[in-house]
Amino acid sequence: MITATGAASAIWVPVLSDGGSIAVLAVGWREPIAELSAGAGNMLELLAAEAAIAIERAELITQLDSIARTDPLTGAQNRRALTERLADDLDRTRQTHDPLCVVIADLDHFKQFNDTYGHVQGDRLLKEAVASWGAEVRPTDTIARYGGEEFAFVLPGCGLEAAAKLADRLRLRVPSNQTCSLGVAAWQPGESVEELIGRADSALYRAKNGGRNRVEVDARPLAPAKASPDAPEVAGSVSQIVLSTTRRLLGMDLAFLSQIDGDQIIFRDLEGDAAAFGLEIDDHADVSGTFCARMLDGRIDGLVADTSIDPEHATLPVTQDCGIGAYIGAPVELADGRVLGTLCGVRSEAVTMLSDADLSLIRGLAQTIATHIQGLLGPDPSPDDIEAAWQQTVQRISPEPQR
């Protein structure tokens, strides 16, 4: 350093942390200095101590940022990190016109595996699956856990054919003689993050319904935009995107859109493992015995992350009959305050990671549905008008069979 800088005198002060040196603070003078004053020495030691604190703080912030974006069980990215990464990759893809694919994988019969071998072995299977899959993907790819046994892979710069081949390799790398089903979709110009994930999700449904342990590719072109905002295709896309976003981003087994009709709740649209909860579209239930009723009358704020903690929730017939371990919901409310229904998510196991941020998300999604219905209604709608608005809102372009 002396030769490079031309310093006539210099001093090096170690930057210490936990008894070890993590850096060196170097100071030089252009003129020779016979002796460093006590004040200058104390000042350099103070600067070195401040540098150590700054370095430790930066490392801590980096660690906390990593923890906030990482699934603690598997080490994969979590769903929030995935959403951020996919949005960034999509922004680059729009500029570069490079391909971008998403793969969604679901471990087959995972609940049965858990019931047979126990949750410890189930957790081990999830961790080993992520480790095994990691050997197949590139450093630029992203592996994320949505929650439960579902994982997503973001593949920037990867075309549909290559993504499908990768998905088949991932299928063959599930440990413990288990299998998985996968759906693949490539981004198309004009498509949103939610639409891309929704098409990969639809392909996954087909893989599940086609016998599991297989890969399905969604290569359908985007439907052309319709001039009329009331067209059934547009209405269908609203419902599909909202439900898929609710289930995926919140880690739910099932998302549902329900209409409140007097003392009855009518399940208008379902997305996810409806059979596990014994539900079907157009099913009716007494609203008074549901979590939706508790959310609407203020007994809960819309979130029960673990139904087993409160005995009042654990003993509800709907908890026991449907096996609900976690619930999150929001009202579908018109501008005049009328509540037409609910947007909800349920899971068979607790989801303790849910937070106020997730409540804000589902409330915003429920408002999207409410705004759409509001746009279909006149100033003084009749019950028949409201029924027709519900029908238009939940009409699907190409309904997929429920898993």
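**Exercise 1. State how many helices and strands the protein chain holds, and what share of its residues is buried.**

Solution. The chain of this predicted model contains 13 helices and 14 strands, where helices (H or I, at least four residues) and strands (E, at least two) are DSSP runs numbered from the N terminus. Of its 403 residues, 44% are buried, that is, under 20% relative accessible area, with exposed meaning over 50% and partly exposed in between (1.4 Å probe, protein chains only). Residues are numbered from 1 along each chain as its sequence is written; local features need pLDDT of at least 70, side-chain atom pairs count only at pLDDT 80 or more, totals for chains, interfaces and linings use all residues, and side-chain values use heavy atoms, without hydrogens and water.

**Exercise 2. Compare the expected span of helix α5 with the distance between its end C-alpha atoms, then locate its buried residues.**

Solution. The expected span is 1.5 Å times one less than the number of residues. For the 16 residues of α5 (residues 119-134) this gives 22 Å, and the end C-alpha atoms lie 23 Å apart, which agrees. Buried in α5 are G122, L125, L126, A129, V130, S132 and W133. They lie on the same side of α5 because their arc around the axis is only 165°, taken from the directions from the helix axis to the C-beta atoms. The face turned away from the buried side bears the exposed residues V120 and A131.

**Exercise 3. Classify L46 as buried, partly exposed or exposed.**

Solution. L46 belongs to helix α2 (residues 38-68). Its relative accessibility is 47%, so L46 counts as partly exposed.
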